[in-house]
Amino acid sequence: MIATVTLNPALDRIYFIDDFQDNKTCHLINNNLVSLSSGGKGINVSVQLSKLDTTSVALGFIGQETGRLIEKELLLQGITTNFVRIDGRTRTSIFVVDSNNQTVKGICEHGPEISKEDRSMFLELFEKNMKSVDMVFIGGKLIDPLDSKFYAKLIRIANNNNVKTLVLPNEGCCAQVIKAEPFMLFPDIRENKTVNGVLLNSIPECIDFVKETYSNNTKTQYIVFDINKKVVICSRTTAYVFDIEQSNFANLIGLEDAIMSGFIYAIDKSYSEKELVNFVGALALEYLKTNKKYCSNLEDIMQRKNIIQPEVIAL
């Protein structure tokens with residue numbers, strides 16, 4: 001069984017508009033160019049997994065009408081939910097995807113605050129769920145007053161229950177997350193390109209970071225980067241590089257979530273390292289072709305998995 005954690009869910013509204021222009025009103029004539037759906041890293045992974053016929057339980061915090069809409073949508077898609085209900089309102093986000101210019105613009109609300117009582121209730125709920133799952137994905141924006149130590153606490157609880165943890169933290173959380181030793185780490189470096197103050201703006205810099213991390217860490221088996229239109233997957237011995245620059249771009253929102261979903265699916269299927277890497281790369285590239293939030297054609301993913309050839313670098 002798989003669990004996903006979304007500490008700060010959102011209701012996402014995505015507009016797909018080619019040649020989007022500033023200071024100009026855009027009138028949409030096709031409702032298919034608008035997507036309204038549940039969001040947040042963990043929720044996105046749960047939904048993507050459901051498109052691949054893989055079940056999961058979604059954990060996190062939800063509040064007020066926005067939260068109820070999110071939970072209702074997940075239940076309609078057959079996803080088990082186990083949220084802590086809070087007094088604050090779950091946030092909303094708006095994105096504009098321009099495939100012609102390969103740009104994404106967005107507005108994301110901050111989200112509600114979490115009380116001490118709600119925090120304690122979630123920790124109790126999380127620990128209970130770790131008794132019955134094999135893997136847990138933790139990712140996304142933190143919510144006040146939770147900090148990087150909260151991520152680390154969740155990882156340690158999972159590790160103590162022999163649950164594989166896959167984590168997608170933002171830059172400010174990486175130091176504590178690395179110390180907690182998750183099974184898989186995917187630092188979000190889209191904005192600052194730094195982890196623990198170290199600039200990661202090239203593949204050699206990423207590989208040096210991986211070597212240093214592995215030298216002080218025994219439990220982490222994979223570290224992944226999305227950098228300069230390349231996806232870099234590093235095991236303990238090998239780095240695999242997928243070039244996404246020449247892909248048929250339609251959507252970059254949620255690429256990280258698709259990659260995480262690929263990892264979870266492949267681990268759940270007991271794939272070998274090569275099969276895992278190829279499946280993750282295939283799902284990422286197929287995802288980029290769609291102007292939808294999720295990739296659902298497993299047959300196309302499998303066909304690409306069998307022919308994909310990443311660059312291979314020995315560590």
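Let us start where two helices touch: Lys41, Asn44, Val45, Gln48 and Leu49 in H1 meet Glu256, Asp257, Met260, Ser261, Ile264 and Tyr265 in H7, where contact means heavy atoms within 4.5 Å. This is a predicted model, in which local features need pLDDT of at least 70 and side-chain atom pairs count only at pLDDT 80 or more, while totals for chains, interfaces and linings use all residues. Residues are numbered from 1 along each chain as its sequence is written, and side-chain values use heavy atoms, with hydrogens and water left out. Helices (H or I, at least four residues) and strands (E, at least two) are DSSP runs, numbered from the N terminus.

Stay with that helix pair for a moment. The axes of H1 (residues 41-51) and H7 (residues 255-268) come within 9 Å and cross at roughly 55°. Axes here are lines fitted to C-alpha atoms, for helices over the stretch in contact, and angles run from 0 to 180 degrees between N-to-C directions. That makes H1 oblique to H7; angles under 35 degrees count as roughly parallel, over 145 as roughly antiparallel, 65 to 115 as roughly perpendicular and the rest as oblique. The crossing of H1 and H7 is right-handed, a term used if the near helix is turned clockwise from the far one by less than a right angle, with anticlockwise giving left-handed.

Now turn to the sheet of 10 strands. This sheet is open, has mixed pairing and follows the order E5-E4-E1-E8-E9-E10-E13-E14-E15-E16; two strands pair if DSSP finds at least two bridges between them. E5 and E16 (311-314) stand at the edges with a single partner strand each, so one side of each is left without a neighbour in the sheet. H1 packs on this sheet, touching E1, E4, E5, E8 and E9 (164-168), and its direction makes about 145° with that of E1.

We can walk through part of this sheet strand by strand. E1 and E8 (residues 135-139) pair in the parallel sense over 5 bridges, with Ala3 opposite Val136 in E8. E1 (residues 2-6) is also joined to E4 by 4 bridges, and these two run parallel; here Thr4 stands opposite Ala58 in E4. From E4, 7 bridges lead to E5 (residues 80-86), again in a parallel arrangement, and the bridge partner of Gly60 in E5 is Phe83. The chain crosses from E4 through helix H2 (residues 64-76) to E5, and this β-α-β crossover is right-handed: with the strands pointing away from the viewer, the path from the first strand over the helix to the second runs clockwise.

E4 deserves a closer look. In a regular strand the side chains alternate between the two faces of the sheet. Both faces of E4 are covered, with Val57, Leu59, Phe61 and Gly63 buried on one side and Ala58, Gly60 and Ile62 buried on the other. Buried means under 20% relative accessible area, exposed over 50%, and partly exposed in between (1.4 Å probe, protein chains only). Since 7 of the 7 residues of E4 (residues 57-63) are buried, this strand is largely enclosed by the rest of the structure.

Another open sheet is formed by 4 strands in the order E3-E2-E6-E7, with mixed pairing. Its edge strands are E3 (34-39) and E7 (103-108), each pairing on one side only. The twist averages 20° from one strand to the next. Within this sheet, E2 (residues 10-16) runs antiparallel to E3, and 6 bridges join them; Leu11 is found opposite Ser38 in E3.

Two further helix pairs are worth a visit. The axes of H3 (residues 116-129) and H4 (residues 148-160) come within 10 Å and cross at roughly 25°. That makes H3 roughly parallel to H4. H3 passes H4 in a right-handed crossing, and the residues that meet include Phe122 and Phe126 in H3 and Leu154 and Ile157 in H4. H7 appears again with H8 (residues 273-288), packing at an angle of about 145° with the axes 8 Å apart. This crossing, too, is right-handed. Among the residues that meet there are Ile259 and Phe263 in H7, and Phe279 and Leu283 in H8.

Our last stop is Asn278, placed in helix H8. At 5% relative accessibility, Asn278 counts as buried. Leaving aside its neighbours within four places in sequence, Asn278 is in contact with Phe242, Lys305, Ile308 and Pro310. The C-alpha atoms of Asn278 and Ile307 are separated by 8.5 Å, although these residues lie 29 residues apart along the chain.
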